[in-house]
Amino acid sequence: MLPSTIHTLSGRKIKWVNVTAISEVELQYLAREFNLHSLDLKDCQPPLQRPKIVPRDTYIFGIFVFPTFNSRTREIEQHEVDIFFLKDTVITVHNNSFPELRDFFALLELNAELRDKLTAQPIGFVSQLLDELYDFCFPLLFHISSDIDALSEGVRHGASRATVHEILRLKNNVVAFRKALQPHRGMLTRAISLFPQILKIKKSDTHYFDRLIDHTSEIWDHLETYYHAIDAVEDTHRTAISYRLNEIMKTLTIFSIVIMSLTLFTNIFIVPALSTPLLGNYGDFWAMLGIMTLLTISAIGIFKRKGWL
């Protein structure tokens, strides 16, 4: 009996088996029905595996890692989709964390004309399936770009502790994105060279994958730009914090100089001398207070003329 987490879609020349859960039930079904290698099925299980392409006698096994956005934590996470490319069947195995696959499957179920068109050529269907996964990366790139613009605007209006956390979050997101997509260009090149052996296509038909190669290059270029943009924002934020700290230290230094000057002045009158002026006369306290005020105003005036205030 077919498990409820395994969905099949039959086209003109190729069949799509979409597995949306990873347990022993699904893996045993795949091993029994399609004679898949036990090591490949084991790689489908958690934890996250490294991206790779493995050629077998009757199929090609690929582990693809794509970024997804966790709206609760606002962080980029890496999720794995395992794809088995057989002669007349494509099997996708994932934990249902890819809405683009779910939507694409539903679209082909409802639109018979589009299903027949895409499945008329196996190579065309495979390239479109991978294209759906890569297209999902572009909204994430736009989201990161918007966050960087907002962060840059916030840094120009002042530094804060929240800004530090936001810079760290964005850098982690870009690093996670880069880590997920970095192996893809080499994987696609290797897969393209192996597809003619399994899918029975002409080598000239590999032009279907040119768009995927362009996608990986475009995505990587965006990530490089965003990585340097975040570094620039971080440098600006560090400069703003340094300037603010310098201003605080300058203010504290000026305050200390004024206090030390007043302390020196008052300590002079503590000396037990017989000829100490002002002391012992009527209004001596107010006279000393006035002198101290005059000294404070003079010091502040000197600092302002020097441009230190």
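Visitor: What span should helix 5 (residues 122-135) have at 1.5 Å a residue?
Guide: Its 14 residues should span 20 Å, and the end C-alpha atoms are 20 Å apart, which agrees. The expected span is 1.5 Å times one less than the number of residues. Helices are DSSP runs of H or I with at least four residues, strands are runs of E with at least two, and both are numbered from the N terminus.

Visitor: What kind of model is this?
Guide: This is a predicted model, in which local features need pLDDT of at least 70 and side-chain atom pairs count only at pLDDT 80 or more, while totals for chains, interfaces and linings use all residues. Residues are numbered from 1 along each chain as its sequence is written, and side-chain values use heavy atoms, with hydrogens and water left out.

Visitor: Back to helix 5. How many of its residues are buried?
Guide: 12 of the 14 are buried, so helix 5 is largely enclosed by the rest of the structure. Buried means under 20% relative accessible area, exposed means over 50%, and partly exposed is in between, with a 1.4 Å probe and protein chains only. Among the buried ones are Pro-122, Phe-125, Gln-128, Asp-131 and Tyr-134.

Visitor: Does Tyr-134 turn up elsewhere? I mean, which residues does His-184 touch?
Guide: Leaving out residues up to four places away in sequence, His-184 touches Phe-64, Val-65, Phe-66, Tyr-134 and Thr-216, where contact means heavy atoms within 4.5 Å. His-184 sits in helix 8 (residues 184-198) and is buried, at 0% relative accessible area.

Visitor: On to the sheet. What's the strand order?
Guide: The sheet is open and mixed, with six strands in the order 1-2-6-5-4-3. Strand 1 (6-10) and strand 3 (52-55) are at the edges with a single partner strand each, so one side of each has no neighbour in the sheet. From one strand to the next, the twist averages 20 degrees. Helix 6 (residues 137-156) packs on the sheet and touches strand 4 (59-70) and strand 5, its direction making about 30 degrees with that of strand 4. Axes are lines fitted to C-alpha atoms, for helices over the stretch in contact, and angles run from 0 to 180 degrees between N-to-C directions.

Visitor: And which residues stand opposite Ile-91 in strand 6?
Guide: Phe-84 is opposite Ile-91, and so is Val-17. Four bridges join strand 5 (residues 75-86) to strand 6 (residues 89-93), running antiparallel, while five bridges join strand 2 (residues 15-19) to strand 6, running parallel. Strands pair if DSSP finds at least two bridges between them.

Visitor: Which way do the strand 6 residues point?
Guide: Thr-89, Ile-91 and Val-93 point one way, Val-90 and Thr-92 the other, and all are buried. In a regular strand, side chains alternate between the two faces of the sheet.

Visitor: New topic: how many salt bridges are there?
Guide: The structure holds 14, each a side-chain nitrogen of Lys or Arg within 4 Å of a carboxyl oxygen of Asp or Glu. In one of them, Asp-40 and Arg-56 have their closest N and O atoms 2.9 Å apart. This pair links distant parts of the chain, with Asp-40 in helix 2 (residues 38-43) and Arg-56 in the loop between strand 3 and strand 4, 16 residues apart.

Visitor: Is Asp-40 buried or exposed?
Guide: Asp-40 is buried at 1% relative accessible area, whereas Arg-56 is partly exposed at 27%.
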